[in-house]
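Biologist: Got a minute to go through this one with me? Put it up on the screen.

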Amino acid sequence: HIWFTHYITKIPMIIRPGPVLVLDLETQNTFADVGGKQNLHKLRVSVVCVYNYDTDSYASFTEHEMFQLEELLRSAGLIVGFNVRSFDFGVLSSYLFTPVDQFPILDLLEEIERVRGHRVTLQSVAEATINDRKTGHGLDAVRLFREGRLQELADYCRCWLPRLAGFFVFPVSSAAPHSGQWVPRRLPWRS
């Protein structure tokens, strides 16, 4: 493992009043179904799950609930995710009225790539930071959607949300976990 202290210089600029949200999205289709990555907007949302650090609560949104999701996202002080800027918000952009660049986004994949100089998988981050393995695959989510197993799909999407934020940030004081003060975590990354 290579240890480093991961200071993200953008945080003071992008955290604004509002909750810290962690977002993950699953789609109805695969890249093969829509003719490749250039057709990201055609993947269509099956479910978007959000973990709210301030209230320690979860919310799930289907394709027909994007207006409610957008209201929540507009209230956010920070939106954390893994490949969230290019993938999740790439898919969401066709549903949202608010331009994506108006949201305060912390994309963990982008930050890791900036520091390490190359992309990594969510699996490698999970193993290196919290010694955990991501179960399932995005193709499993598409299958669950197509089989109409929507509760299982939401559960699959939701299970990694608190871990995603835990890869990078933790509360300054465990006595005040929702104080709004967040500090960089010392992270091990693997090549």
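Modeller: Here are some notes on an aspartate, a hairpin and two cysteines.

Modeller: It's a predicted model, so to speak: local features need pLDDT of at least 70, side-chain atom pairs count only at pLDDT 80 or more, and totals for chains, interfaces and linings use all residues. Residues are numbered from 1 along each chain as its sequence is written, and side-chain values use heavy atoms, with hydrogens and water left out.

Biologist: Okay, where is Asp24 found?

Modeller: Asp24 is in strand 2, residues 20–27 (strands are DSSP runs of E, at least two residues, numbered from the N terminus).

Biologist: Buried or exposed?

Modeller: Asp24 counts as buried because its relative accessibility is 17%; buried means under 20% relative accessible area, with a 1.4 Å probe and protein chains only.

Biologist: And what does Asp24 touch?

Modeller: Leaving out residues up to four places away in sequence, Asp24 touches Val47, Val48, Cys49, Asp88, Cys157 and Leu161. Contact means heavy atoms within 4.5 Å.

Biologist: Two cysteines there. How many disulfides does the count come to?

Modeller: Zero, where a disulfide is a pair of cysteine sulfur atoms within 2.5 Å. For Cys49, the nearest cysteine sulfur is that of Cys157, 3.3 Å away. Cys49 counts as buried, at 0% relative accessibility, and Cys157 counts as buried at 0% too.

Biologist: Switching topic: how do strand 3 and strand 4 run?

Modeller: Antiparallel, with six bridges joining strand 3 (residues 45–52) to strand 4 (residues 57–62); strands pair if DSSP finds at least two bridges between them.

Biologist: What stands opposite Val50?

Modeller: Ala59, in strand 4.

Biologist: And which residue in the turn has a positive phi?

Modeller: Asp56, at about 50°, in a hairpin with four residues between the two strands.

Definitions and conventions
Buried < 20%, exposed > 50% of the residue type's maximum accessible area, 1.4 Å probe, protein only.
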